[in-house]
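Biologist: I am new to this structure and would like a close look at a single part of it. Please take that part step by step and connect it to what lies around it.

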Amino acid sequence: MAFPEPKPKKPELPKKLVQTLECKQGAVRAVRFNVDGNYCLTCGSDKSLKLWNPHKGTLLKTYSGHGYEVLDAAG
């Protein structure tokens, strides 16, 4: 008799503070993570997007030159 494969567990949201990012973007309008949580984008009122490694808290790249505040992002 064959048994059905167990269903994989859904990923859970963190329940405690793991990292704080000092992004220095004025008001941060949005933070967006990629699917596996290894990268995040912060959108700021200083007209920039910043790409981060949230586990290490390191800034990877700054994208500037937007004409207005960056209100949201998708990746």
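Which residues does Ala73 touch, not counting residues up to four places away in sequence?

Modeller: A caution comes before the answer: this is a predicted model. With neighbours up to four places away in sequence left out, Ala73 touches Arg32, Leu41, Cys43 and Leu49. These contacts lead into the core and the strands, and the rest of this answer follows them.

Start with the core. Ala73 belongs to the largest nonpolar core, which has five residues. The other members are Ala30, Leu41, Cys43 and Val70. Two of the residues that Ala73 touches, Leu41 and Cys43, are thus in the core with Ala73. In soluble globular proteins, nonpolar side chains tend to be buried together.

Leu41 and Cys43 bring in strand β2, which covers residues 40-44. Five of the five residues of β2 are buried, so the strand is largely enclosed by the rest of the structure. Leu41 and Cys43 point one way from β2, while Cys40, Thr42 and Gly44 point the other way. Residues on both sides of β2 are buried.

Next come the partners of β2. Strand β1, residues 28-33, pairs with β2 in the antiparallel sense, over five bridges. Within this pairing, Phe33 has Cys40 of β2 as its bridge partner. The hairpin of β1 and β2 has six residues between the strands, and Gly37 there takes a positive phi near 80 degrees. Strand β3, residues 48-53, also runs antiparallel to β2 and is joined to β2 by four bridges. Here the bridge partner of Leu41, the core residue touched by Ala73, is Leu51 in β3.

The hairpin of β2 and β3 has three residues between the strands. Lys47 lies in the loop between β2 and β3, and its phi is near 70 degrees, a positive value in a residue other than glycine. Most residues other than glycine have a negative phi, and most peptide bonds are trans. Lys47 is partly exposed, with a relative accessible area of 40%. Another residue to set beside Lys47 is Lys24, in the segment before β1. Lys24 has a positive phi near 50 degrees. At 70% relative accessibility, Lys24 counts as exposed, the cut-off being over 50%.

The loop also leads to a residue further along the chain. The C-alpha atoms of Lys47 and Gly67 are separated by 6.6 Å, although the two residues are 20 residues apart along the chain. Gly67 is in the segment after β4 and, at 49% relative accessibility, counts as partly exposed.

Ser48 is in strand β3. Ser48 is buried, with a relative accessible area of 4%. Its side chain makes a polar contact with the side chain of Asp46, at 2.7 Å. Not counting residues up to four places away in sequence, Ser48 touches Gln25, Thr42, Cys43, Thr62, Tyr63, Ser64 and Val70. Cys43 and Val70, both touched by Ser48, are also members of the core that holds Ala73.

Arg32, another residue touched by Ala73, leads to the charged pairs. The structure holds two salt bridges. In one of them the side chains of Arg32 and Asp72 meet, at 2.9 Å from N to O. Arg32 lies in strand β1 and Asp72 in the segment after β4, so the pair ties together parts that are 40 residues apart in sequence. Arg32 is partly exposed at 37% relative accessibility, and Asp72 is partly exposed at 46%.

Arg29 forms a salt bridge with Glu69, and the closest N and O atoms are 2.8 Å apart. Arg29 lies in strand β1 and Glu69 in the segment after β4, so this pair, too, ties together parts that are 40 residues apart in sequence. Arg29 is partly exposed, with a relative accessible area of 42%, and Glu69 is partly exposed, with 33%.

Last, the record. UniProt, in an unreviewed entry, places the feature "repeat: WD" at residues 21-62. In the model that span is 0% helix and 52% strand, and its end C-alpha atoms lie 14 Å apart.

Key. Residues numbered from 1 in each chain as written. Heavy atoms only, no water. UniProt positions renumbered as here; feature names shortened; annotations may be inferred. Helix = DSSP H or I, 4+ residues; strand = E, 2+ residues; numbered from the N terminus. Core = buried A, V, L, I, M, F, W, Y, C linked by side-chain atoms within 4.5 Å. Buried < 20%, exposed > 50% of the residue type's maximum accessible area, 1.4 Å probe, protein only. Contact = heavy atoms within 4.5 Å. Pairing = 2+ DSSP bridges. Salt bridge = Lys/Arg side-chain N within 4 Å of Asp/Glu carboxyl O. Polar contact = N/O pair within 3.5 Å; in protein donor to acceptor, adjacent residues only side chain to side chain.
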